[in-house]
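Biologist: Could you walk me through this model, one question at a time? I'd like the cut-offs along the way, please.

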Amino acid sequence: MSSLSKRQFLKSLAGTAALSTWSGLDKALASAAATPAPLLAEQEDFWAKIRTLYPVTNDFIQLENGYYSLAAQPVLDRYVQHIQQVNAVSSYYMRTRQFDDKRASKTQLATLLGCSPDELIITRNTTESLDTVIAGINWKAGDEAVMAEQDYGAMLDMFRLQARRYGTVNRLVSLPNHPQSDDEIVSLYEQAITPKTRLLMVCHMVNITGQIMPIRLAHRHGVEVLVDGAHAFAQLAFTMPDLGGCDYYASSLHKWLGTPLGAGILYVRKDKISSLWPLFADSSMPDDDIRKLNHTGTYPVATDLAIQDAIRFHERIGIERKEARLRYLQRYWTDQIRHHPNIVLNTPESPTRSCAIANVGIATIKPADLSKRLFENYKIFTVAIDNANVHGVRVTPHLYTTTAELDSFVKALKELAA
């Protein structure tokens, strides 16, 4: 294969579209540089400027951002450029540059998470990351795993598959929607742990209610801990050391970091890598190299490149500002209906036990009907949750959500609950 000089290569990558200026973000941030995050969270004029940086639909009010949130327009512009630029040189890029660029994205993610790049891989989503661990453990008949019935359904399915395949035993706990303390939560898991327990899976933030779990306390019984962080990474301010030594951590990047669809992360503590079996064989990697878990074949590399742009946007906003605004938005609407006689909140009242996500139901309306009526009658999009002890709709605002939109939602709830 003929080679290109560095200048020729970079020129070929530069040709199809101009770089975004990001000037709108810079101007908005300059106006708020001296304002503390808690105060800024309530300043609608600032967040109205941030909203203009997202391609928000006018067709309906989007309150289901937890599945997949909008990429900011500067990130989306760069993503399109990445697609065009890679396409311009096609297989040359794939054979000469893709691995270095992916490593650069991975290194930035590791810095954000507070771990070594040698402990992290880029996957497609949280499900793939968690499945890599669940399927990679060398299970034996009679081994036990502990999880909650409020965990994500795909993960519960994966544990059931291991039980069918290897004869493992799954022990489920049920999380209260309104715990009185961290110890109440921890004791539920402790009571399910036995000498045969190999793995405990716990959500950092429960996807159906938004409840934040006490991860630091989960590891104190010597059982390996797998954390589902699908909704916590880039929504909450934390790093891996803050979590008290969990063994595995997984998240999606298209939820709160704002990358285009198709990117996730898996953290594996260094001393746990060698014992995990990969889903796909890779003879080029030694057992203690985390890249053995990341044999992907040929896939859309532009998403990996856009991770760096999403991190840039995320860091310019600042995780403290982001978390403060998201928590403010949730409290803005939940505080207005929390004590309504016909409305049921399935999310803890304490501000420290939740952030953006909350779940709300109406006693006389089934969740699926509630979601349908909200959309058909009020053009408000939510998702119905009717599982375990959670019966309502999940409501997930984002940085581009306005308090006026939440006022419309509160008005709709009160009318439907009348």
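Modeller: Happy to; what follows is a set of questions with short reasoned answers.

Biologist: Before we start, what kind of model is this, and which pLDDT do local features need?

Modeller: Residues are numbered from 1 along each chain as its sequence is written, and side-chain values use heavy atoms, with hydrogens and water left out. This is a predicted model in which totals for chains, interfaces and linings use all residues, side-chain atom pairs count only at pLDDT 80 or more, and local features need a pLDDT of at least 70.

Biologist: Thanks! How many disulfides does a search of the whole structure find?

Modeller: A disulfide is a covalent bond between the sulfur atoms of two cysteines. The cut-off used here is a pair of cysteine sulfur atoms within 2.5 Å. With that criterion, the number of disulfides found in the whole structure is 0.

Biologist: Why does Cys246 have no bond to the closest cysteine sulfur?

Modeller: Cys246 is buried, at 2% relative accessible area (buried is under 20%, exposed over 50%, partly exposed in between, with a 1.4 Å probe and protein chains only). The closest cysteine sulfur belongs to Cys115, and it is too far for a bond because the separation is 9.8 Å.

Biologist: And how far is the nearest cysteine sulfur from that of Cys355?

Modeller: Cys355 also counts as buried, with 0% relative accessibility. Cys355 is in no disulfide, and the sulfur of Cys203, the nearest one, lies at a distance of 16 Å.

Biologist: Let's turn to charges. Which residue forms a salt bridge with Arg394?

Modeller: A salt bridge here is a side-chain nitrogen of Lys or Arg within 4 Å of a carboxyl oxygen of Asp or Glu, and the whole structure has 20 of them. Arg394 counts as buried at 6% relative accessibility. Its closest N and O atoms in the pair are 2.7 Å apart, and the partner is Glu64.

Biologist: How many residues apart in sequence are the parts that this pair ties together?

Modeller: Helices (H or I, at least four residues) and strands (E, at least two) are DSSP runs, numbered from the N terminus. Arg394 lies in strand E13 (residues 390-395), while Glu64 is in the loop between E1 and H5, so the linked parts are separated in sequence by 330 residues.

Biologist: Is Glu224, which meets Lys272 in a salt bridge, buried or exposed, and where does Lys272 lie?

Modeller: The N to O distance between Glu224 and Lys272 is 3.1 Å. Both residues are buried. Glu224 belongs to strand E6 (residues 224-228), and Lys272 is in the loop between strand E8 (264-268) and helix H11 (302-317).

Biologist: What is the relative accessible area of Asp335, the salt-bridge partner of Arg338?

Modeller: The closest N and O atoms of Arg338 and Asp335 are 3.8 Å apart. Arg338 is buried, with a relative accessible area of 12%. Asp335 is partly exposed, and its value is 42%.

Biologist: Now the nonpolar side. Which residues have the most contacts inside the largest nonpolar core?

Modeller: In soluble globular proteins, nonpolar side chains tend to be buried together. A nonpolar core is a set of buried Ala, Val, Leu, Ile, Met, Phe, Trp, Tyr and Cys residues joined through side-chain atoms within 4.5 Å. The largest one has 69 residues, and those with the most contacts inside it are Leu109, Tyr189 and Phe233. The largest share of this core, 5 residues, comes from H11.

Biologist: Which residues does Glu119 touch, not counting those up to four places away in sequence?

Modeller: Glu119 is in the loop between helix H7 (98-113) and strand E2 (120-123), and is buried with a relative accessible area of 13%. Contact means heavy atoms within 4.5 Å. With that exclusion, the residues touched are Leu266, Tyr267, Val268, Arg269, Lys270 and Ile290.

Biologist: One last backbone point: what is the phi of Ala234?

Modeller: Ala234 is found in the loop between E6 and strand E7 (248-252). Ala234 is buried, at 4% relative accessible area. Although Ala234 is not a glycine, its phi is positive, at about 75 degrees.
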